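Colleague: Could you walk me through this fold? I'd like to start with the sheet and work inwards.

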Amino acid sequence: MSTSAHAPAGAGTVTDRLVEANRTYASAFQDPGMDARPVLKVAVVACMDARLDLHAALGLELGDCHTVRNAGGVVTDDVIRSLTISQRALGTRSVILVHHTGCGLETITEEFRMELEEEVGQRPAWAVEAFRDVDQDVRQSMQRVRTSPFLLHTDDIRGFVFDVRTGLMREISPASGGSAPAA
């Protein structure tokens with residue numbers, strides 16, 4: 001991130017600093033001439049955790065992949081929507097799921113929805129999708145992708161747990177036992 005995004009306190013809001021960083025970025029920007037189709041024909045579904053620099057961790061460049069991120073890297077209906085568009089309209093064939101150690105969804109429960117309802121007077125329609133076992137959650141996510149009737153390509157679905165302390169990814173077997181060797 002550019003240094004202007006890390007300006008000292010009192011230099012405007014965070015959004016002001018990010019908009020200024022964009023102006024700096026745009027001043028040297030050159031259209032790379034790409035379209036929306038990812039070069040590697042892969043979509044990556046990952047947690048929104050700020051510690052995950054997916055492009056660096058996976059050796060990806062601009063234009064290589066589609067990236068779908070949310071809290072927990074959960075495969076929700078909206079993630080299936082994005083993957084369906086990615087495959088059917090934009091040519092992706094592979095899906096990589098990336099969860100991580102120390103995820104915030106391991107520290108909350110579905111009670112979170114009830115607490116929100118008490119606070120604001122309305123229960124969210126969405127599930128929190130909290131979990132206790134990150135490996136099992138990756139397996140569940142892989143199963144949700146594999147069984148979606150909307151996806152054309154479900155033969156190359158792989159899931160990983162990114163270790164936020166070491167930067168290494170550990171592959172998770174889709175079966176109920178253990179983890180697969182890292183590729």
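Colleague: What order do the strands of the open sheet have?

Modeller: Bear in mind that this is a predicted model, where local features need pLDDT of at least 70, side-chain atom pairs count only at pLDDT 80 or more, and totals for chains, interfaces and linings use all residues. Residues are numbered from 1 along each chain as its sequence is written, and side-chain values use heavy atoms, leaving out hydrogens and water. Strands are DSSP runs of E, at least two residues, and helices are runs of H or I, at least four, numbered from the N terminus; two strands pair if DSSP finds at least two bridges between them. The pairing is mixed, and the 5 strands run in the order β2-β1-β3-β4-β5.

Colleague: Which strands stand at the edges?

Modeller: Look for strands with a single partner: one side of each is left without a neighbour in the sheet. That description fits β2 and β5 (169-172).

Colleague: Is β1 enclosed or not, and how many of its residues are buried?

Modeller: β1 (residues 42-47) pairs in the parallel sense with β2 (residues 65-70) over 6 bridges, and with β3 (residues 94-100), also parallel, over 5 bridges. A46 shows both sides, standing opposite R69 in β2 and having V98 as its bridge partner in β3. Buried means under 20% relative accessible area, exposed over 50%, partly exposed in between (1.4 Å probe, protein chains only). The strand is largely enclosed by the rest of the structure, because the buried count is 6 of the 6.

Colleague: Which element gives the largest share of the largest nonpolar core?

Modeller: A nonpolar core is a set of buried Ala, Val, Leu, Ile, Met, Phe, Trp, Tyr and Cys residues joined through side-chain atoms within 4.5 Å. This one has 23 residues, with V45, L83, V95, L97 and V145 touching the most other members. Two or more residues come from each of β1, α3 (77-88), β3, β4 (157-162) and α5 (134-146). The largest share, 4 residues, is from α5.

Colleague: Where on α3 do its buried residues sit, and what arc do they cover?

Modeller: The buried residues are V79, I80, L83, T84, S86 and Q87. Taking directions from the helix axis to the C-beta atoms, they lie on the same side of α3, because they cover an arc of only 165 degrees.

Colleague: And what covers those buried residues of α3?

Modeller: Contact here means heavy atoms within 4.5 Å. The cover includes the helix α5 and the strands β1, β2 and β3.
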